[in-house]
Amino acid sequence: MAERFKTSQDLWHNQAVYEAQKHRRLRYQHGRGPSNIFILDTSSSIGDEGVQRMKDAFTSIIDEYSKHPDIDENVAVIVCGRQTKFLRYFSNQYEDIKRCLDDVDFGGPSPLTAAFILSTGGLMDGASR
């Protein structure tokens, strides 16, 4: 069991390294402000009502970012559920970020550990700058 967990950790860490490279290539999208990564649970455990609440809360937060263009924050989005992946790389394109959940396939397990490990790809080696 411990060996399988270690293998899984290694796999997600390698994916995080790959994602860091993608973040660095996409720097032209970045704002000048702080960088934030949202990890959103898209698993079946949150249910239909939870999905709608999560979407509403997320949209509200992103709307608030757009009201403060002087801060120019970067936002990245990771989903974890049926798929665990970066849904949006760091960007200050808030309208696009708000719509990123429109086509997400909700359901599946809740691999939060994988999402946390994957999030390091947005932070390592200057990927967020």
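Colleague: Hi! Let's start with S91: is that residue buried or exposed?

Modeller: S91 is buried, with a relative accessible area of 4%. Keep in mind that this is a predicted model.

Colleague: Thanks. And which element holds S91?

Modeller: S91 belongs to strand β3, and that strand covers residues 84-91.

Colleague: What lies 2.9 Å from a polar atom of the S91 side chain?

Modeller: That would be the backbone nitrogen of Q93.

Colleague: Nice. Let's zoom out to the sheet. In what order do the strands come?

Modeller: The order is β1-β2-β3, in an open sheet of three strands with mixed pairing. β1 and β3 are the edge strands, each pairing on one side only. From one strand to the next, the twist averages 15°.

Colleague: You said mixed. In which sense do β1 and β2 pair, parallel or antiparallel?

Modeller: Parallel: strand β1 (residues 35-41) pairs with strand β2 (residues 74-80) over seven bridges. The route from β1 to β2 goes through α2, and this β-α-β crossover is right-handed.

Colleague: Which residues of β2 should I look at opposite F38 and L40?

Modeller: F38 stands opposite V77, while L40 faces V79.

Colleague: And how do β2 and β3 pair, parallel or antiparallel?

Modeller: Those two are antiparallel, with five bridges. They form a hairpin, and three residues sit between the strands. On this side V79 stands opposite K85 in β3. V79 therefore has a partner in each neighbouring strand, L40 in β1 and K85 in β3.Colleague: How many of the residues in β2 are buried?

Modeller: Seven of its seven residues are buried, and β2 is mostly covered. N74, A76, I78 and C80 point one way from the strand, whereas V75, V77 and V79 point the other way.

Colleague: Now the helices. Where does α2 sit relative to the strands?

Modeller: α2 lies across β1 and β2, and runs at about 170° to β1.

Colleague: What about α4, which strands does that helix touch?

Modeller: Helix α4 (residues 112-119) packs on the sheet and touches β1, β2 and β3. Its direction makes about 35° with that of β3.

Colleague: Back to α2 for a second. I have D63 selected; which residues does its helix span?

Modeller: D63 is found in α2, which spans residues 47-66.

Colleague: Why does D63 count as partly exposed?

Modeller: Because its relative accessible area is 26%, and partly exposed is the class between under 20% for buried and over 50% for exposed.

Colleague: How far is D63 from K98 in space?

Modeller: The two are 8.0 Å apart, C-alpha to C-alpha, with a sequence separation of 35 residues.

Colleague: Last topic, the whole chain. How many helices and strands are there?

Modeller: There are four helices and three strands. Starting at the N terminus, the elements run α-β-α-β-β-α-α.

Colleague: What share of the residues counts as buried?

Modeller: Of the 129 residues, 40% count as buried. The protein exposes about 7500 Å², and carbon and sulfur atoms supply 51% of that area.

Colleague: And what share of the contacts joins residues 24 or more positions apart?

Modeller: Among contacts with a separation of 6 or more, such pairs account for 76%.

Definitions and conventions:
Residues are numbered from 1 along each chain as its sequence is written. This is a predicted model: local features need pLDDT of at least 70, side-chain atom pairs count only at pLDDT 80 or more; totals for chains, interfaces and linings use all residues. Side-chain values use heavy atoms; hydrogens and water are left out. Buried means under 20% relative accessible area, exposed over 50%, partly exposed in between (1.4 Å probe, protein chains only). Two strands pair if DSSP finds at least two bridges between them. A crossover is right-handed if, with the strands pointing away from the viewer, the path from the first strand over the helix to the second runs clockwise. Contact means heavy atoms within 4.5 Å. Accessible areas come from the Shrake-Rupley method with a 1.4 Å probe; for residues, only the protein chains shown count as cover. Axes are lines fitted to C-alpha atoms, for helices over the stretch in contact, and angles run from 0 to 180 degrees between N-to-C directions. A polar contact is a pair of N or O atoms within 3.5 Å; within protein, one must be able to donate a hydrogen and the other to accept it, and residues adjacent in sequence count only if both atoms are side-chain atoms.
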